[in-house]
Every structure is written in C-alpha cells, then in structure tokens.
Amino acid sequence: MTASSTPLAPVPTAPGGLPLIGHAHHLIRTPLPFITSLREHGSVVRIRLGPTPAYVVTDPVLTRTVLVTEAAHFAKGGKIFDVLRGVFGEGLATVADGDTHLRNRRLMQPMFNKAHIATRRTAMIDQARSMVGAWEEDQALDVFSNMNDVTLAAFLVALFGTDFPANLQGEFTALMPPLMKESIRQTVLPSWVTRLPLPANRAHNRRIARLRTVIDQAIDHHSTRSASTPSANVPHPAEAAGCPHKAPTDTEHEHAGLFETLMAAEDQFTRQQLQDEAITLMNAAIETTATALAWTLYELTRHPDIEQRLRAELAAVCDGRPLCQEDLDKLPYARQVLQEAVRKYGPAWMVTRKATRNVDLGGHRIPRGANIVWSPYLHQNDPAHFPEPATFDPDRWASGRAPSTRESFFAFGDGRRKCIGENFAWVEMQIILATLLEAWPRLRLVSRPPRAETAITVKPDKLAIAFGAS
C-alpha cells in the first residue's frame, strides 16, 4: 500500500466547490444527496471543508483498509473528532490512538461484555415499560423526542443504577441533541467561522460547560448514594410480573450500574477522565439508539406485515406473560428489523480519520496529515452491496444471506476503534422495541412521512405516531 511501481492516479475533485467555503454549502444544505453523489466520481474523491482538503472513501473495501488492514496509517482523528473533542474531552471515542486508548479501552471493556450487560437487562425492561406504558392512548407523539427520553432513561439505569435523579436525566435529554447538531455544523464550516463570537458559537460553549456540571453531579450522586440492596423477602418487579426467568443477580445489582466498573478503577482515572468517558457514553446512548428506534417505528407504520411478524415472534416467546430478560435472545427477527433500520438510515453519515504518512489508497496518493472521510450511510445504501437499498427488507439479514451485505455494514465502525458499546446498543434497542409492542397493540403514522436530516446521525426531521391499546 505504501510503495508501488505503478504511477498513482490523481484524486478526482468533487464539482461544486466555492471559494473560501469549499463544499460546506453542499454538506449543510444537501448533505446526504451530496455524500451519496460522490460515488459517481471514484473510489476516493477530494472535497474541501473550507480551505482544507478532505478525501472521501466511497468504496467499502477501501474503508475496511482504512479501519482494519492499514489502520496504523489512518489514525482516529480529523476535523469531526477535533470538534467532538471539545464536547467529549478525551473520551474513548475521541482520544488519540496509542497507549492511553488501549489502556482505557481495556479498563472499560468489562462494562460491555455480554454477561455484565445481562445483569442490567431487567432494570432496563422495567424502566422502558414504565415510560412507554405511561403514554396517552391515541395521542400524537413526537417519536424521535420520546425515543431520546426512553433510550436515555434506560441507559442511565444501566449506567448509574436505578436511583438516578430525574432532574439530571432531564438535563441530559435537553443538552445532548443541540450539542450534537452544532458539532456537525462546526465540522463542515471553515474553522475561522467557529471561532467568531457568534450567538450559535456562544450557545454551544455554554451547553458544553453545563453538560460538564451535570455529569459531575451525576458522578457525585453515584459516588455517595447508599449501597443498600432490596430485602430478600421483597419480590423483584420481574417476579411480581410473573417472569419465570429472573436472574439471581437481579436483586443483588438492583441499585448498581455499569459505571461501577469505572468507579472501582477510579485510582486509574482522573476526575476529568471519568467525566469524559461518561459524556462519551451518554452521547452514544442517545444518538444512535434513539435514531434507529425512531426509524424502525416509522418503517413499521409503512409495513404492517413486518409489524405483525414481529408481534407474532414476541407472542410466541412470551406466551402471554410480560417480557423478561432471557426472552431477548429468542427474538431473532426483532434483531433483523433493527439491523435493517440501522443499515438504511446510517446511522452516522460522516466519520473522519487522519493519514499519519503519505499513503497509496486504492491507487491514489493521500498526503500525510490529510482528513479521510468515510460514511456508513454511503456504504450501507450502495446498490452494489445492498440490492434495492431504499427497500426496507429485514430478511436481507437472515442467516444464509450473501456475506457481502455484512462486509459493507459499518454502523459501529470496524477494527481496533470499533464501538465498544455495540452489544449494549443491540440489547437496549431490542428491549425498547419489544416493550413498546407489548404495551401498544396498534401504531399509526399521524404526520407526513419524515425527511432525513443530519446531525451526528441521520434522524427524522418530523415524525409523529399515535399508539393505540386495541
């Protein structure tokens, strides 16, 4: 890859760039059509973010080269991570490659192994059930907003335990979406614009400061709260609901959370590092999961046959009793439906790396220090790898289907920087989808079909659904 006797081809430049701002106007006004159109110009295409060149990889094989086989030459970084570092600090998603990343990932890995996540499933089911069951029948609900609320609440129960204060949860819900939307704006605009004392820039800085204060309060609460456990003669909610599969660890861990893993290693993390990691995890909990669930519900309103197949699977597994944690492993079609929503809608549409040296990528010379852009949305809507990509087809994920489908699926990244929380994300999405279907036998779209808009993820601009009890 780094040496070749074959002359290297020049990297084609995308049309439509303007002086000073480059292709920023396309990335702000029509980001998804623009990023998708780059496939027509080659496997690697040059764009400009203001005066700064960036190289967009449109071929999933080359993206795998960047992320896996030649990852040492493409470090985690680039403009989007420079911006996100201002929000997350040096969390696992933004810290540079090297010893610090490897050490922190090793310390955090136990939080996200399947056995540890399993100890939090019942608490997450209880939390999700209480929230979706409180919706008013046939009321038009802003689905993306409500999915933000439910996913964050379920995640906070898993992360910090069952007694997390509601006022802190509400602040997280309010702060994270505008922070992420502004981060993308700052990524595609020239750097000098983001340094001006504009109202949007000042508001962004205020939100970052407030987020730091709130996460500090959450850590303090977690550190000082009582470690009491439920009395042995008080039934767990899962038992009261008639679940025959309650894990014996459920009562032992009712008030605990995944964050216990980091707190147990607090002598290896500074207070600033604990803040950074908690904020990073919080963003992952809201953005990707809530977006995928919102699009899933929209697709169910368009495909009643898929909805009915989901409900039939859930009914066969639960056999008339409420969902419990061990049921989740017996819902393969629900996983297929969620994976197809994640495939079709991204969730991320622009991710960056930085070349650490002059490299040959797909026959093109990429200079040292260059921004490399890759897009899960672009790859996962590539008709060469996903036939009829606009079609919502959960069966494309059924066992025995073509492996090329999976090889072009980058929703959680790949390689050594692959998302550490992928297992948790699938569990959380299955819990929320299943409890929602359990609580509401009917759902219908009551707004116009949503249009996709970009923040960190590809989210619906407006989506209202009414849920019925019969």
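Which strands does helix α8 (residues 143-160) lie across? Helix α8 lies across β4 and β12, running at about 65° to β4.

This is a predicted model, in which local features need pLDDT of at least 70, side-chain atom pairs count only at pLDDT 80 or more, and totals for chains, interfaces and linings use all residues. Residues are numbered from 1 along each chain as its sequence is written, and side-chain values use heavy atoms, with hydrogens and water left out.

Some terms come up throughout. Helices (H or I, at least four residues) and strands (E, at least two) are DSSP runs, numbered from the N terminus. Contact means heavy atoms within 4.5 Å. Axes are lines fitted to C-alpha atoms, for helices over the stretch in contact, and angles run from 0 to 180 degrees between N-to-C directions. Two strands pair if DSSP finds at least two bridges between them.

**The three-stranded sheet**

The sheet under α8 is open and antiparallel, with three strands in the order β4-β12-β9. β4 (140-142) and β9 (442-445) are the edge strands, and each pairs on one side only. Neighbouring strands are turned by 35° against each other on average, direction ignored. β9 and β12 (residues 464-468) run antiparallel and are joined by four bridges. Within that pairing, L443 stands opposite F467 in β12.

**The five-stranded sheet**

A second open sheet has five strands in the order β1-β2-β8-β5-β3, and its pairing is mixed. β1 (44-49) and β3 (74-76) stand at the edges with a single partner strand each, so one side of each is left without a neighbour in the sheet. The twist averages 40° from one strand to the next.

β1 and β2 run antiparallel, joined by six bridges. T52 in β2 is the bridge partner of L49. The two strands form a hairpin with two residues between them. G50, in the turn, has a positive phi of about 70°.

Further along the order, four bridges join β5 (residues 351-355) to β8 (residues 371-374), and these strands run antiparallel. Here K354 has N371 in β8 as its bridge partner. Helix α3 (residues 60-69) lies across β1, β2 (52-57), β3, β5 and β8. Its direction is at about 125° to β8.

**Helices packed on α20**

Two packed helices are described by the angle between their axes and the distance between the axes. The table gives both for three helices against α20 (residues 422-439).

| Helix | Axis distance to α20 | Angle to α20 |
|---|---|---|
| α17 (residues 332-344) | within 10 Å | roughly 110° |
| α8 | 11 Å | about 125° |
| α7 (residues 121-132) | within 9 Å | roughly 40° |

Angles under 35 degrees count as roughly parallel, over 145 as roughly antiparallel, 65 to 115 as roughly perpendicular and the rest as oblique. α17 and α20 are therefore roughly perpendicular to each other. For handedness, a crossing is left-handed if the near helix is turned anticlockwise from the far one by less than a right angle, and right-handed if clockwise. α17 passes α20 in a right-handed crossing. In this contact, A334, R335, L338, Q339 and V342 of α17 meet W426, M429, Q430 and L433 of α20. These residues divide into six nonpolar, two polar and one charged. Ala, Val, Leu, Ile, Met, Phe, Trp, Tyr, Cys and Pro count as nonpolar, Asp, Glu, Lys and Arg as charged, and the others, Gly among them, as polar.

The α8 and α20 axes are 11 Å apart at about 125°. That angle makes α8 oblique to α20. Their crossing is right-handed. α8 contributes M147, V150, T151, A154, F155 and A158, and α20 contributes F424, E428, I432 and L436. By class, the contact has eight nonpolar, one polar and one charged residues.

α7 and α20 cross at roughly 40°. α7 is thus oblique to α20. This crossing too is right-handed. From α7, the contact takes in R121, M124, I125, A128, R129 and V132. Its α20 residues include F424, V427, E428, I431 and I432. The class count is 10 nonpolar, one polar and four charged residues.

**Salt bridges**

Side chains of opposite charge can pair when their charged atoms come close. A salt bridge here is a side-chain nitrogen of Lys or Arg within 4 Å of a carboxyl oxygen of Asp or Glu. The whole structure has 19 salt bridges. One of them joins the side chains of R210 and E171, at 2.5 Å from N to O. The pair links distant parts of the chain, 39 residues apart. R210 sits in helix α11 (residues 199-224), and E171 in helix α9 (residues 166-188).
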